[in-house]
Amino acid sequence: MKSALLSAVLALAGSASAALNVTGSTCTVTPLTTGVNGKEPDDTPQILDAFKQCGTNGKVVLSEGMFHIGQVMDLKNLNNVDLEIHGTLRWSSDIQYWLRNSIGVEYAQRSTAWRIGGQDIRIRGFGKALFDGQGQLWYDQNRGNSNQMGRPISLTLWHAKNVLIDGITWRQAQFWHTFVAYSENITMTNLDMNATSNSQWSTVNTDGTDTWNSKDVFIKNWTVTCGDDCIAVKGNSTNIIVEDVHCYESGCATIGSIGNNPGNAPDFVDNVLFNNIKCTHSSNAAWVKTYSGNGHVKNVTFSNIVSENVNQPIYVTSCIYTARGCDQSRLPITDVKWINVTGTSRYNIAAAMHCSASAPCAGFSFQNVSITPLDGKSTPKYLCSNINGQASSGIPCTGTCPADWPQQLSGNR
């Protein structure tokens, strides 16, 4: 009996070690083909071991094939490392494990399946890497509820500096696809994300990315289909550039939400550019959403935005989701420009902007904004409240915008 048990243990150890080959400072991981007792294998230990050995001044290569990820991966101290991904990473279907063990990331009690931190990190997928979150299981068990605790973000950059992520495809993410927190000098290019439910339950909260407490972030050449914000710039984000992105079924280009911190701590968003963004069949296109908290939004440009059948393309609110304290908010929104925003709105509202009476918006500017209702007959409306300098802003206001104006409409108004 003991001999048989020892043989089984040695066989398992041999299988695991064969999955990792170390040559100098390069660790190459090959996916396991069999698991224990008929279960699918778990490649997580080999991947973590590869980073332990080659995560500083080295290279980790995930070869072609299917990698089964059955455990959280917490890699916070990487230094000058290249990660090459040639295969598929598929997260396990053990929902209860992930709910219990996903890694907390502070923001609004969110958590993540994979956390990466450190400096000088280059992650390349060469257009072949695929991240499969088996999200349909999550969408069905979540039953349309919002922000389930423990439901994991796919990939989080955490206290990371000088990072490149390029050439990765996501399918059916568990929750948000990516989260950039406490990080700087981040470049994320050539990413393809799609979270689409095939059941009665919507995906809910499958954002493309959210930045928070981060600066100098560059995003370019993304295609995103998701059930929430495509690109969301959250609190204490500075110097964010987003270019050449096509967002489907999403909130498209978003500032916020901000201003809802514990202890009413301030949120600041400064120097953001969204350029050459196409929004297809989405809730909104180029918009700003805050709670009635503290902080500011300043120097934001939405340029070359194309709206295709978007519910309400331009939207600004000082009291998102709650309709409370809308005119008491002292979180000013200033110096926001909409330049070359064109296309169609689903209904007759091209823009609805309600700023706080206590901190009116200022420095708003429309240049070549032309949005046509999809029906081809209705006259587009531009609703505005509490905007200083409105007469010289170029905004063709046709009426006032009530404080409780909704983010999404169900028909002409």
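## A small open sheet

Let's start with three strands that sit side by side: they make an open sheet in the order 7-8-10, with mixed pairing. Strand 7 (103-104) and strand 10 (152-153) are at the edges and have a single partner strand each, so one side of each has no neighbour in the sheet. Strand 8 (residues 111-112) runs parallel to strand 10, and 2 bridges join them. In one of these bridges, serine 111 has proline 152 of strand 10 as its partner.

Two terms need their rules here. Helices (H or I, at least four residues) and strands (E, at least two) are DSSP runs, numbered from the N terminus. Two strands count as paired if DSSP finds at least two bridges between them.

A word on the model itself: it is predicted, so local features need pLDDT of at least 70 and side-chain atom pairs count only at pLDDT 80 or more, while totals for chains, interfaces and linings use all residues. Residues are numbered from 1 along each chain as its sequence is written, and side-chain values use heavy atoms, with hydrogens and water left out.

## A hairpin early in the chain

Strand 1 (residues 20-23) and strand 2 (residues 26-29) pair in the antiparallel sense, with 4 bridges between them. Across this pairing, leucine 20 faces valine 29 in strand 2. Together the two strands form a hairpin with 2 residues between them, and glycine 24 in the turn has a positive phi of about 60 degrees.

## A buried glutamine

Next, have a look at glutamine 46, which belongs to helix 2 (residues 44-54). Its relative accessible area is 7%, so glutamine 46 is buried (buried means under 20% relative accessible area, exposed over 50%, partly exposed in between, using a 1.4 Å probe and protein chains only). What lies 3.5 Å from a polar atom of the side chain of glutamine 46? That would be the backbone oxygen of aspartate 42.

## Salt bridges around strand 9

Side chains of opposite charge can pair when their charged atoms come close. The count of salt bridges comes to 12, where a salt bridge is a side-chain nitrogen of Lys or Arg within 4 Å of a carboxyl oxygen of Asp or Glu.

One of them joins the side chains of lysine 128 and glutamate 64, at 3.6 Å from N to O. This pair links distant parts of the chain, 64 residues apart: lysine 128 is in strand 9 (residues 114-132), and glutamate 64 is in the loop between strand 3 (56-62) and strand 4 (66-69). Lysine 128 is partly exposed at 42% relative accessibility, whereas glutamate 64 is exposed at 54%.

Strand 9 turns up again with arginine 124, which forms a salt bridge with aspartate 82, their closest N and O atoms being 3.2 Å apart. Aspartate 82 is in strand 5 (residues 73-85), 42 residues from arginine 124 along the chain. Arginine 124 counts as partly exposed at 30%, but aspartate 82 is buried at 19%. Asp82 and Arg124 also belong to a network of salt bridges that includes Arg122. Another salt bridge brings together arginine 90 and aspartate 132, at 3.5 Å from N to O.

## The largest pocket and its strands

Rolling a probe the size of a water molecule over the atoms shows where empty space is left. The largest pocket has a volume of about 780 Å³. Which residues lie nearest its centre? Of the 38 lining residues, they are Arg110, Asn147, Asn205, Ser257 and Tyr321. (On a 1 Å grid over the protein atoms alone, a pocket is an open set of points where a 1.4 Å probe fits, with protein on both sides within 12 Å along at least five of seven lines; lining residues have an atom within 4 Å of a point. The volume is the space filled by probe spheres set on the points, which are joined across faces, edges and corners.)

Strand 18 (253-258) and strand 20 (286-290) each supply at least two residues of this lining. Strand 18 is mostly covered, with 6 of its 6 residues buried. Strand 18 and strand 20 pair in the parallel sense over 4 bridges, and isoleucine 255 stands opposite valine 288 in strand 20. Strand 16 (residues 231-233) also runs parallel to strand 18, joined by 3 bridges. There, valine 233 has isoleucine 255 as its bridge partner.

Note on methods. A polar contact is a pair of N or O atoms within 3.5 Å; within protein, one must be able to donate a hydrogen and the other to accept it, and residues adjacent in sequence count only if both atoms are side-chain atoms.
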